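Morning, everyone. Please pull up the model on your screens, and we'll walk through it together.

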Amino acid sequence: MQLNDGAHDSHLYSLEKKDDTWVSVPVSHEDKESIPREKFIIETFGSPTKRWKAKSTIEFEYTVDKVNGLLSSLSPLLLITPEDYSAKEIANRFNDSSVSGFHSLNKNERRIAFVDETVYKLYSTQISNYFDRFNVQATIHPVITTEETKSVETLKHVLKLIDQFKPERRSEPIIGIGGGVCLDIVGLAATLYRRRTPYIRVPTTLLALVDASVGAKTGVNFCNGKNKLGAYVPPFAVFLDQSFLKTLPKRHLSNGMAEILKMALVKDLKLFELLEEFGQSLIDTKFQGNQAVGDEVLTKAIDTMLEELVPNLWEDDLDRLVDYGHVISPQLEMEVLPALLHGEAVCIDMAFMCFLSHEMGYLDGHEVMRVIKCMRKLDIPVYHAN
């Protein structure tokens with residue numbers, strides 16, 4: 001079957017906006033490679049035209065900001081809109097103790113927030129007080145977000161609540177506050193609602209802080225498969241506040257350390273050495289003790305994660321360093337629910353691959369045992385009966 005008669009007779013156009021409409025501007029084939037990547041291109045084949053080939057680059061910009069005491073802050077960071085955020089200088093965002101400089105807040109200002117149920121029990125008063133401080137009508141929904149409830153049913157529940165709220169698409173972003181499961185569900189709901197409603201992530205666990213919150217992925221489990229349904233649409237803003245770690249159980253701190261260790265092993269020897277020396281004390285003090293070391297560990301983990309995620313945000317290239325520890329762990333984690341947390345399954349995967357690498361001649365015995373020793377110091381499992 002011939003798709004286009006006279007395919008050799010092709011014409012190339014760059015689309016440019018003039019007044020309130022887009023127009024096609026002829027471009028020579030010799031200049032095709034010099035067209036900026038963000039330009040839209042239409043190529044027509046045949047005479048008369050029987051086929052069009054379109055190229056459009058999807059561009060997202062999002063920011064990941066480290067803040068201290070977000071809920072006690074006098075700065076209305078959780079009330080920003082995408083327009084505010086792109087327009088404000090970072091110094092003003094963090095130093096302005098009023099709402100000046102942001103869009104005008106009025107008595108009808110609203111927000112909808114979804115909060116992990118456990119986080120809600122600990123911080124509901126602080127969350128409510130935060131919105132009251134700025135006279136914002138906040139609709140706050142606690143949601144049970146565990147790996148077992150990371151489902152289409154929970155997603156539909158969240159979507160129905162969003163629809164009842166009926167947010168303005170650009171001026172009332174959806175807010176997610178919780179661990180990685182909560183942020184994945186809320187992010188996917190925002191992505192699906194009206195084909196993309198802006199949203200904000202506030203991670204409250206160590207694993208979410210260094211992993212789930214800083215990328216573009218959202219998702220829910222489906223047909224016993226981990227994250228089989230999902231999308232690649234990042235929030236427009238992420239706020240990392242390590243003060244939430246004060247109330248995190250020790251097991252969940254170790255769980256988050258697995259993802260930090262993953263980045264250390266694939267990218268950063270200095271980070272690995274910091275975990276060897278200080279990892280145990282960071283867990284014991286919930287990152288509230290040696291502030292300089294804690295900041296360095298978190299910064300390095302996030303730096304290395306973003307270095308790998310941003311150039312491959314839609315995972316066009318499936319050969320990804322950040323997938324270390326994610327070969328057998330997704331199936332293991334789902335099979336033994338709720339026995340293993342995500343980071344624990346990842347660590348077992350990493351440990352297994354270390355021994356496999358040793359068998360294949362890539363690591364010597366000393367290197368393998370050094371990694372395993374570090375895992376044990378961080379109190380992460382290296383083995384499971386399944």
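**Strand β12 and the helices**

Strand β9, residues 199-203, pairs with β12 in the parallel sense, over 2 bridges. One residue to find there: I200 stands opposite A237 in β12. Keep in mind that this is a predicted model.

Now the other partner. Strand β5, residues 63-66, also runs parallel to β12, and 4 bridges join the two. Here V64 has V238 of β12 as its bridge partner.

So what about the faces of β12, residues 237-240? Both are covered. A237 and F239 sit on one side, V238 and L240 on the other, and all four are buried.

Next, the nonpolar cores. The largest has 45 residues. Inside it, the most contacts belong to L206, M257, I260, F287, V297 and M375. Elements giving two or more residues to this core include β12, α7, α8 and α9. Take V297: leaving out residues up to four places away in sequence, V297 touches I260, L271, L274, L275, L282 and F287. Another core lies apart from the largest one, with 25 residues, among them F131, F134, I175 and F244.

Last, a helix pair. How do α7 and α8 pack? Helix α7, residues 250-267, meets helix α8, residues 269-284, at an angle of about 170°. Their axes are 9 Å apart. Over 145 degrees counts as roughly antiparallel, so α7 and α8 are roughly antiparallel to each other. In the contact, α7 residues including M257, I260 and L261 meet α8 residues including L271, L275 and L282. By class, that contact has 13 nonpolar, 2 polar and 3 charged residues.

Notes: Residues are numbered from 1 along each chain as its sequence is written. This is a predicted model: local features need pLDDT of at least 70, side-chain atom pairs count only at pLDDT 80 or more; totals for chains, interfaces and linings use all residues. Side-chain values use heavy atoms; hydrogens and water are left out. Axes are lines fitted to C-alpha atoms, for helices over the stretch in contact, and angles run from 0 to 180 degrees between N-to-C directions. Angles under 35 degrees count as roughly parallel, over 145 as roughly antiparallel, 65 to 115 as roughly perpendicular and the rest as oblique. Contact means heavy atoms within 4.5 Å. Ala, Val, Leu, Ile, Met, Phe, Trp, Tyr, Cys and Pro count as nonpolar, Asp, Glu, Lys and Arg as charged, and the others, Gly among them, as polar. Buried means under 20% relative accessible area, exposed over 50%, partly exposed in between (1.4 Å probe, protein chains only). Two strands pair if DSSP finds at least two bridges between them. A nonpolar core is a set of buried Ala, Val, Leu, Ile, Met, Phe, Trp, Tyr and Cys residues joined through side-chain atoms within 4.5 Å.
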